[in-house]
Amino acid sequence: MELGDLVEYLENKTILITGGAGFVAKMFVEKILRTQPNVKKLYVLLRPSQCNSPPQRFQTQVMEKELFRLLRAKWGKEFDSFIWERVEAVGGDISDENLGIKDAILRDHMFKHIDFIVNCAATTDFFERYDVALATNTIGIYNILNFAKKCLKLKKLLHLSTAYVCGEKEGIISEKAFEFGETLTKTFTKLDFKIEKEFVAHRLSQLRETKASESAINANMRELGTERAKHFGWPNTYVFTKAMGEMCVEQFKDDVPTIILRPTMIVSTYKEPFPGWIEGLRTMDTLIVGIGKGKLPFFLGIPTVALDLIPGDMVVNAMILSMVFGEGGMIYHVGSSIKNPVYISEIRNYIHRYFIENPLFDHKKENPITVHKIILLQHISTLNIYIAIRYLLPLKILEMVVSLPYLRCYKDVYAKNMRKLQTIMRFIQIYKPYVLFNMIFDDTNCEGLRENKVKGSRNLELMETFNFDPNSIDWEDYIINTHIPGLIKYVII
């Protein structure tokens, strides 16, 4: 099948998309509806809400987004009917058996008609509660596989993972599957999500027996996730549970043809459906906000390390092509570090230049915020010395000052500076695995898709529509003229 046949192939196909309210899932739904309006059905799985039904959630959290403006303009007054004739919003949760779909008649209908399953559901909080992350990012995959085995017409299950399941590694990271039980450190036991599930249930039972408060349980579960992740060699709960999810795919897929897609740091759209669309603060956006608001004077990072960015629309294009053309069992890295890297020092310079030329204003909208080029500290030891001299010592002096009755007026100054330091350190904790390790993600499998399907196509319009080649990106132009303006427009920093 050639690229020119792709759109025609998707005609009358039925696709189940989990995590339907998420950033990538929204873009995937929009792209399918825009490029193949004759798709038969998109089942979009959404978690139940006490306030809104699944169709109401889809209406407000998906359809009404600016992302759909081209479709809205094309279909005009018929936009709503166009969507609802092709989309069915289904209440469910992948952490439950049968994906939490209660309606047996609907389930049977889905089993008979689904052609593809695209799993976008995930909790992406790096320090999520362990029970929550395990239920969604790991056990959820097990449940999806069991659901997929009942789908009589299923052609492919596409699982959206993350390139950072590799942990804190240096050098070239291959598109290689995990073995079940594999760990990144030497341990006496193999990694088994079923044992981890029992471990979590036992800990929760202990906490409830002691009548621990909900806030105490929440804190304990977050600490447990980080503790278990580091025990087995991963830096945080998110990538740890995503790695276990991949192990589930390899161990329990049986005859289900599966594709694992591992994007790197997903940023705003490059071109499709229009440049710069984004939702929420993602990946490097906390750096952009911190610099733009003058609240990030320093950061941890080696200037020559590549921060692997990839626009969201390119991820979706890779999803569609791998879903249709990819062979079962393949793993695809979707990133830029091996083909067109952009380095931390360059990103810092681009952000600084943007806000020098286009400053944000203070909360009163009166005065432009002065920005300074942030200091990059390349080692943890250097970071600790810098913080001790620049922050901890002055804070200690200020703490003694405010203890004096007649100088308590400086208490707010102390609290403000302490919060500022804590915020920066929280950002550093999140980014540390990705700014000190020069990870280069091999994308040989993805390049195979590009070479055979996209670059080999004679249809130039389709080549552009389904482009996911990082070589086409001018990072300076994209970050300054597309990404940051999009972030300001859609996230309103």
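How far apart should the ends of helix 8 be, at 1.5 Å a residue? I looked this up before anything else.

**Ground rules.** I'm working with a predicted model, where local features need pLDDT of at least 70, side-chain atom pairs count only at pLDDT 80 or more, and totals for chains, interfaces and linings use all residues. Residues are numbered from 1 along each chain as its sequence is written, and side-chain values use heavy atoms, with hydrogens and water left out. My helices (H or I, at least four residues) and strands (E, at least two) are DSSP runs, numbered from the N terminus.

**Helix 8.** This helix covers residues 193-209, and its 17 residues should span 24 Å; the end C-alpha atoms are 24 Å apart, which agrees. The expected span is 1.5 Å times one less than the number of residues.

Next I looked for its buried residues (under 20% relative accessible area; exposed is over 50%, partly exposed in between, with a 1.4 Å probe and protein chains only). I found Phe 193, Glu 196, Val 200, Leu 204 and Leu 207. They cover an arc of only 75 degrees around the axis, so they sit on the same side of helix 8. That arc is taken from the directions from the helix axis to the C-beta atoms. On the other side of helix 8, I noted Glu 198 and Glu 209 as exposed.

What do the buried residues of helix 8 pack against? I get helix 7 (130-148), helix 9 (214-232) and helix 10 (237-252), taking contact as heavy atoms within 4.5 Å.

I checked both ends too. At the start of helix 8, a side-chain oxygen of Asp 192 comes within 2.9 Å of the backbone nitrogen of Lys 194. After the helix comes Lys 211, with a positive phi near 60 degrees.

**Helix 18.** This one (residues 475-491) also gave me a count of 17 residues, but its end C-alpha atoms are only 21 Å apart, short of the 24 Å of a straight helix. Where does helix 18 bend? I put the bend at His 483, by about 25 degrees, and Pro 485 follows within four residues. The bend is the angle between axes fitted to the seven residues ending there and the seven starting there.

Its buried residues include Trp 475, Tyr 478, His 483 and Leu 487. The buried set packs against strand 8 (265-267), helix 11 (285-292), strand 10 (309-311) and helix 13 (344-357). At the start of helix 18, a side-chain oxygen of Asp 474 is within 3.2 Å of the backbone nitrogen of Glu 476. Ile 492 follows the helix, and its phi is positive, near 55 degrees.

**Salt bridges.** How many salt bridges are there in the whole structure? My search finds 23, counting a side-chain nitrogen of Lys or Arg within 4 Å of a carboxyl oxygen of Asp or Glu.

I picked out Lys 31 with Glu 272 (3.8 Å, N to O). Lys 31 lies in helix 2 (residues 23-35) and Glu 272 in the loop between strand 8 and helix 11, so the pair ties together parts 241 residues apart in sequence. Both Lys 31 and Glu 272 are buried. Glu 272 also meets Arg 34 in a salt bridge (2.5 Å, N to O), and that pair is 238 residues apart.

In helix 13, I found Glu 357 paired with Arg 353 (3.6 Å, N to O). They lie four residues apart, about one turn of the helix. Arg 353 counts as partly exposed, at 36% relative accessibility. My last note is a network: salt bridges that share partners join Glu 30, Lys 31, Arg 34 and Glu 272.

Methods:
A polar contact is a pair of N or O atoms within 3.5 Å; within protein, one must be able to donate a hydrogen and the other to accept it, and residues adjacent in sequence count only if both atoms are side-chain atoms.
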